[in-house]
Every structure is written in C-alpha cells, then in structure tokens.
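User: I would like to go through some of the labels used for this structure and understand the reasoning behind them.

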Amino acid sequence: MAQTENKKFFENLTGAGKAIAVLTSGGDAQGMNAAVRAVVRVGIYVGAKVYFIHEGYQGMVDGGDNIKEAKWESVSSMLQVGGTVIGSARCTEFRTHEGRLKAAHNLVQRGITNLCVIGGDGSLTGANLFREEWSGLLVELVEQGLIDEEAAQKYSVLHIVGMVGSIDNDFCGTDMTIGTDSALHRIIEVVDAIMTTAQSHQRTFVLEVMGRHCGYLALVSALACGADWVLIPEMPPADGWEEKMCQKLSATRSRGSRLNIIIVAEGAIDRHGKAITSSIVKDLVVRRLGFDTRVTILGHVQRGGTPSAFDRILASRMGVEAVLALLEATANTPACVVSLCGNQSVRLPLMECVQMTQEVQKAMDEKKFEEAVQLRGRSFENNLKTYKLLAHRKPETELPHSNFNVAVLNVGAPAAGMNAAVRSAVRVGISEGHKMFAVSDGFEGFYKGQIKEIKWADVGGWTGQGGSLLGTKRTLPAKNVAKIAEQIRKYNINALLVIGGFEALECLLQLYEARSNYEEFCIPLCMLPATISNNVPGTDLSIGADTALNAIVETCDRIKQSASGTKRRVFIIETMGGYCGYLASVGGLASGADAAYIYEEPFDIRDLQSNVEHLREKMKTSIQRGLVLRNENSNENYTTDFIYQLYSEEGRGVFDCRKNVLGHMQQGGSPSPFDRNFGTKIAAKAMQWITKKLNESYKQGRVFANTEDSACLLGMRRRAMIFQPVVQLKDETDFIHRIPKEQWWLKLRPLMKILAKYKTSYDVSDSGQLEHVAHNRPKDSVAISTH
C-alpha cells in the first residue's frame, strides 16, 4: 500500500516507551471484554506496554497484583465472554484525595501515564478529576519522598480516553454504548418467548426492564416487539393515562389480538414525579379490564449472556480508536471519550458529554420533559416519534384523506427485518391517510395481480417474524412491464415501496427506464435495502445483515467451543454473501477469526501458505484454536474444500482441521433488535418521503413524477439517512459481481488482521477527530441513528 500525503498509517504511530493501562469500572456490560482485548492487542502491536487494572479503581488504589502487565495470550478467548474478566468494583476510596494519591503512586511506579477507562459517566468523571489533579498529586508524592523529581518530570502528564460501557445507553454524545445492543437481545429473547404463552392464554404481560434514569431499553424494545404501551422516565404519560392505556388494550383485543404487552422502565414516573411500577400497572389492568395479567421483571438477565455481534464490533472499533487517541494525545489534549455517530467513530471531549448527560437529569428533575428527550439526542427522539406513530392508531375521523394508493412489495431473497419494515410502512401510510396495498411474491405476483388492500390490524405481530410474510421472488420486471403497468392502472397505484436486496435496485432501474414507454411508472418509487449480504450500493447497512452476522458469530462461538479440551484445531467456515465479503469480514472481526478470504481482496497460494505458517506458529503457544472464514464466491479455484485440504496437509503434526458450510441458517431466524428497529425507522422515513413526493407531483387530478429524484434508494451513509436517485448509483455499482465499487467495511479488515497478530498496513486517516457535542440540532436534519 503506497503511502500518500493525505494518508496516515498505524505503523507510523509508535507506542514505544509508553505504558497504557486499561480498567473497567461501574456496572458491567457485555462487550467490555472485546474492548479490553482490542486495547491490549493494539497497544502491544504499536510497541507499548499494556497493563490490566483488576477490580476497577479499587485495584488502582490497592495496587500490588491488581495491576499486571498483559500479554497477547492474556486476552485470548475472551471476545465471546459477557461481563468483564478483569473485574469491576464500586470504589469509595478513589473519591477521596488520599485514595487518588495512592492510585497515582501505583501508576508512577509502573510508568503508566495513559489510562483507558471503560465505564459509565461516574467512572469517566472520576478519571477526568484524577487527570486534573495529576500534577498536584505528583508534587505531594515528591514531598512525601515516595517518588523522585526525575520520575515526576518524566511522568508529568496523564492522558485519559474513555469508552462508555453501559447497558442503559444513557450517555450523551454516542448513539450506542457498549452493552446496549446485547441487553436488547436479552429483552427481545424474553419478549418473543413470552408472546407464545401469552397468546395461548389470552394474557396481558407487564415487563419491567432496566433504566432507572433512562428509558432507552424500554423504548427500543417496545419499538422492536410492537408493544401496546411503554412507560419511560423521560416522557411521563399525561394525566388520565390510565384510562387511555386501558382503552388501547381493549381496542387491541377487540381487533382479534390474543395478547397485550406493556413495557415499563424501572424508573418510570408520572407527570408529578410519582413512580409507576409494574405492579401498579398490573393492578390497574386487572381492576379496570379484568384481563388475566402477569408481571415479569427481567432484572440482571439483561446484563448477562454473550455480547452480540454489534457490541463486539463496536467495542473492538472503540478499543482501537482509544489507543490511537492515546498515541496522538499531547499535554494540551482534553480527556476524550470515543463515541459512535451513525456508522463512524468520533472523539468527543469527555466533560462536554458528562455535562450534557447531567443536563438531561436536571431537565427531568425540573419536569422539562420535552427538553430531556431532545437532550438525549436525535436517535432517542426519533425512536419516540416512530413508536408513537406506529403504536397509537388515530380514529378514522382524525386521519387525513389523501386519496392516494401506495403498494408495498418484497423482492429478492428473504431477509430478517423485512416484515418489520412492511408493518411500519403500512401503519405510517395509513396514518398519512393513504390506502395501502400489499403485493405478494414480488414482481411476479405484481404482474399476476396478487395485490390486495392491507389494513392496520393485518400487520399486528409482524415485527418479530423472520423471512418475508408477503412472499418474495427474484423475478425482475423487465419482461412483464406491460402487465405490471396494467395492474398499476387497474388498482390506481400512485407510489411504490420496494423492500429488497440487489434485485430491488435492478427492479427500480428497470421501472425508471420503462417510464419513457409507460406513464404508469411516472410515480414516486422508493427502495429500502434488505439483504443479508449487505451488497447494495448507496447504503452502509442493509436490513437483515445484523441478524445474519449474529447467526454466524453464535455458530462460530459454538464451533470453537466444541474444540475446547481437545488437541489443537483449526476450523474453516464458509459464509454466504455472493461476491460481497461483508459477512465473512465483519463476522471474522466479531468472532476473532485468524483470516477471512473474500473476493474484494484477491489472494493467492502464497497468502494461503503464510496464513498456515502463521497458525502453525500461533498453535505452538498456549492458543489452541484457529478460525478461518471464507466467503462463498471468494475464489472459484480456492474452494472451501481446497483450503480445508491445504490446511489439513500443511498443518499436520501441529493442528488438525474441520470445515463447516453455514448455508441457509444465515438467512433464517427471528430478526435481531437492530434489524427490527432499523427496518421500522427506515420504512417510516420512506413513507414520509413518499407522502411528500405524492403531494409535490399531484397536478391536474393525477400523480406524475418522472424526475431522477422521484426514484430513490433510502440508505444509511456514515452519519445520516439519505435518499439517493437510483440512476446516480449506477456508476457506484459493479453489476457483474453485484457489489458496490467502494465498501466502507474493507477498512475494518486490517483491524481483524492486527487483532490476529499479523503485521499489516492500517490506514487511520479516517479515524475520529476531536469534535464538540452538538447541542442544538438543525430542524431539517435528516440524520437518524440506526438504533
């Protein structure tokens, strides 16, 4: 890789002579271990000494064996472990000046001047205070004769970088904190399990989830399972909510539903600050409606279990960014926190984030609830708006009447989350006053006339269902445009929402081309990317890819575990994805793979040979297992069988081999919380765009839209959701291999190699820069977070 002026490479940043310590503090969260692993391995990679501080700040104060140097092997096999293996403890002593003096002495003795703190806002505030007092503490240590002048000069500056580990997602400045996605997985697993028993007995379930001061978990799980009612601390219900809630529950039952789900955050309050507990809600439902009602309090289940794929990748990326920030820090750099904005790593001043987080609580204490919601950030606000839009049906008399008919269909292979998107589109469409039509079996069903009106209640319970309930086919419309145009005329379809993968893009391009011959296609056309392969141009992420990643990661965990206690073993695993290496690469990063072979990064026999050599060397240490992923179309000659046979032969005497083709299990299963939420929010946004386009293009009694920007793909690009004309995406696309010409995740591949102990070139010119926390967002901002 040639070095250019605007590029800066990881290997040019040296950590030689530096000592970095990593600690986890406060409550534990799944994914903390992935962050610790990344800090240790990247720190060692750049030549720094890395130390574990066991038991958080308590270990820093106590010193001794609590502060130990970490080796490369120290963090093996911890990626898939929940909680934090280096321990976490609340520490009252660190809050005192004497405690911090002891901690400073313990760090100086080991030459540690770089601290990586993984915890909540309390832990990070403590770290910042420690940094501010550092020079004064060193003066005291010199006066007490505990260190000499030379040591005080040498270690005069303490650098601090924070990563937020908290399942509550209660920290301002980042879209997601480490552990939140995994906690949502635990909640949704419970909700899905409860739904089956609730339906059997026609019961109402009240679920209490964590979130003493933040309702994020309650809100997003309500959005992800289509709960009937949600109670959160940031937005207490208006007076008289009891009556409204009971009306809503009985209305849901009267439409044929056999169950009700109510989600309560543990910190839920009413407008007067009085607590609303799950037992209060249960008693209310029983007293007023007589429904058979049960309470389930999830408690610490939400903190437990293995981290999700999202949390492993987030924590690994944050860990690398944290080491980078420490290497680049100068004496004047403020303490920063590594955050996620959209799909990008950013660095924010730690105290700005902490102050803004405290402002939320202040607004809630002062009963300024609208302000509290705004301060939580764009993502939270968007979740709340979308939930209100989808959960509460307005009476017919209050709905606008647009006289527009909008059709929804799925195209291509099924992807988990498609049904959540359809439900959202149907309900938002009805709320906007449109008549919604569902097309079965994609464009094949379209030209055959398999089109019927779909109502609000028809999509109830769709959010958690995998696959495609509408049915989906890969058939493209080109051969049947005349018949499709006829059906559009027959049903008077005024707009089309297509949910699917690469085929959906080809379909939209064909319909756009057909506009010159058929005026029927001069209507707003919108596409939502939904494919496990994540190979659609114009978007960083597709609906369904997260669920597939989780399936791969869970399977890799099990496969690796199957070798524990046996002799040294390497697993060769084949993933789906067509020619797109997203699942193999990102799945490899999340499961701690040694290599991932993909089409986008050509490889030859020499690469295979060096990978085998690498594994032979690795297996001679205490590491017992190796993992190699291969994308199904990475190379027509170096097949999975070939690679398996090569590794088996070349590894003989050191390790043995097993192979596994994961196949269609990657496409099945119920959607992950991420895909449910992403599908729900992206479809709501698309329907609002369709309404806008319909109103703009309605002239002289009919809809006529033939401009480029009336046929769009809605995708997530870095930090924002953007509508892009499909015609403009043509130049970004390799149609032969059905992949975008540029793919953001390729930048993560060197990261996987570094964490697997390869020397490699890692371009960090795109790493996060120190920014300021945005307080007032522009009113017309289109950016939304995926979570």
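Analyst: Please keep in mind that this is a predicted model. Helix 18, residues 545–562, is a suitable place to begin: its 18 residues reach 26 Å from the first C-alpha to the last, which is close to the 26 Å expected at 1.5 Å a residue.

User: What makes helix 18 mostly covered?

Analyst: A residue counts as buried when its relative accessible area is under 20%, and in helix 18 that holds for 14 of the 18 residues, so the helix is described as mostly covered.

User: Why is Ser710 called buried?

Analyst: Its relative accessibility is 2%, and because the cut-off for buried is under 20%, Ser710 counts as buried. Ser710 lies in the loop between strand 23 (702–703) and strand 24 (711–717), and, leaving aside residues up to four places away in sequence, it touches Arg515, Ile523, Pro524, Leu525, Trp689 and Ala705.

User: Why is helix 7 called oblique to helix 13?

Analyst: Helix 7 (residues 216–225) and helix 13 (residues 378–391) pack at an angle of about 40°, with their axes 10 Å apart. Angles under 35 degrees would count as roughly parallel and those from 65 to 115 as roughly perpendicular, so the angle of about 40° makes helix 7 oblique to helix 13. The crossing of these two helices is left-handed.

User: Which residues of helix 7 and helix 13 meet, and how many are nonpolar, polar or charged?

Analyst: From helix 7, Tyr216, Leu219, Val220, Ala222 and Leu223 meet Ser379, Phe380, Asn383, Leu384, Thr386, Tyr387 and Leu390 of helix 13. By class, this contact has 9 nonpolar residues, 3 polar ones and no charged ones.

Key
Residues are numbered from 1 along each chain as its sequence is written. This is a predicted model: local features need pLDDT of at least 70, side-chain atom pairs count only at pLDDT 80 or more; totals for chains, interfaces and linings use all residues. Side-chain values use heavy atoms; hydrogens and water are left out. Helices (H or I, at least four residues) and strands (E, at least two) are DSSP runs, numbered from the N terminus. The expected span of a helix is 1.5 Å times one less than its number of residues. Buried means under 20% relative accessible area, exposed over 50%, partly exposed in between (1.4 Å probe, protein chains only). Contact means heavy atoms within 4.5 Å. Axes are lines fitted to C-alpha atoms, for helices over the stretch in contact, and angles run from 0 to 180 degrees between N-to-C directions. Angles under 35 degrees count as roughly parallel, over 145 as roughly antiparallel, 65 to 115 as roughly perpendicular and the rest as oblique. A crossing is left-handed if the near helix is turned anticlockwise from the far one by less than a right angle, and right-handed if clockwise. Ala, Val, Leu, Ile, Met, Phe, Trp, Tyr, Cys and Pro count as nonpolar, Asp, Glu, Lys and Arg as charged, and the others, Gly among them, as polar.
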